[in-house]
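Happy to walk through this one with you. Let's take a few descriptive words in turn and ask what earns each of them.

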Amino acid sequence: MSSLNVELVAADRKVWSGEASMVRARSTEGEIGIMPGHTPLLGVLIEGDVVIHATDGDQTATIDGGFLSVDHDNVTIVAETVQAPAKG
């Protein structure tokens, strides 16, 4: 099964990176789910939780808004502030 390469980045640091089967976040258009093979996307995120279904367990982080980029199973989430992920 294929996977996503995910990076969660705050303005001052890389918060988390690794492989995942899915990423969920809240965009200006509603909640979005990203799985392997998703079409390229650049989206604006709003305040809320980002859930990363990582290979070693779910990671949840709260962001204040930001951007999400998807390209060839690479997902990058950039936010001004991120409350560090906690295993869920």
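What follows is a short set of questions and answers on this predicted model.

Q: What makes up the secondary structure of the protein, helices or strands?
A: The protein has nine strands and zero helices. Read along the sequence, the pattern is β-β-β-β-β-β-β-β-β.

Q: Why is the protein called as compact as a globular protein of its length?
A: Its radius of gyration is 11 Å, and the globule rule gives 12 Å for 88 residues; the two are close, so the description fits. Along the principal axes, the C-alpha trace spans about 30 × 25 × 20 Å.

Q: What makes a residue count as buried, and how many percent of the protein qualifies?
A: A buried residue has under 20% relative accessible area. Of the 88 residues in the protein, 35% are buried.

Q: Which residues have the most contacts inside the largest nonpolar core?
A: They are Val6, Val23, Ile52, Val75, Ile77 and Val82, in a core of 22 residues. Strands E1, E2, E5, E6, E7 and E8 each give two or more residues to this core, and E2 gives the most, with five.

Q: How do you know that isoleucine 52 is in contact with residues beyond its sequence neighbours?
A: Contact requires heavy atoms within 4.5 Å. Leaving aside neighbours within four places in sequence, isoleucine 52 is in contact with Val6, Trp16, Ala20, Met22, Val23, Gly57, Asp58 and Gln59.

Methods:
Residues numbered from 1 in each chain as written. Predicted model: local features only at pLDDT ≥ 70, side-chain atom pairs only at ≥ 80, totals over all residues. Heavy atoms only, no water. Helix = DSSP H or I, 4+ residues; strand = E, 2+ residues; numbered from the N terminus. Rg over C-alpha atoms; globule rule 2.2 N^0.38 Å. Buried < 20%, exposed > 50% of the residue type's maximum accessible area, 1.4 Å probe, protein only. Core = buried A, V, L, I, M, F, W, Y, C linked by side-chain atoms within 4.5 Å.
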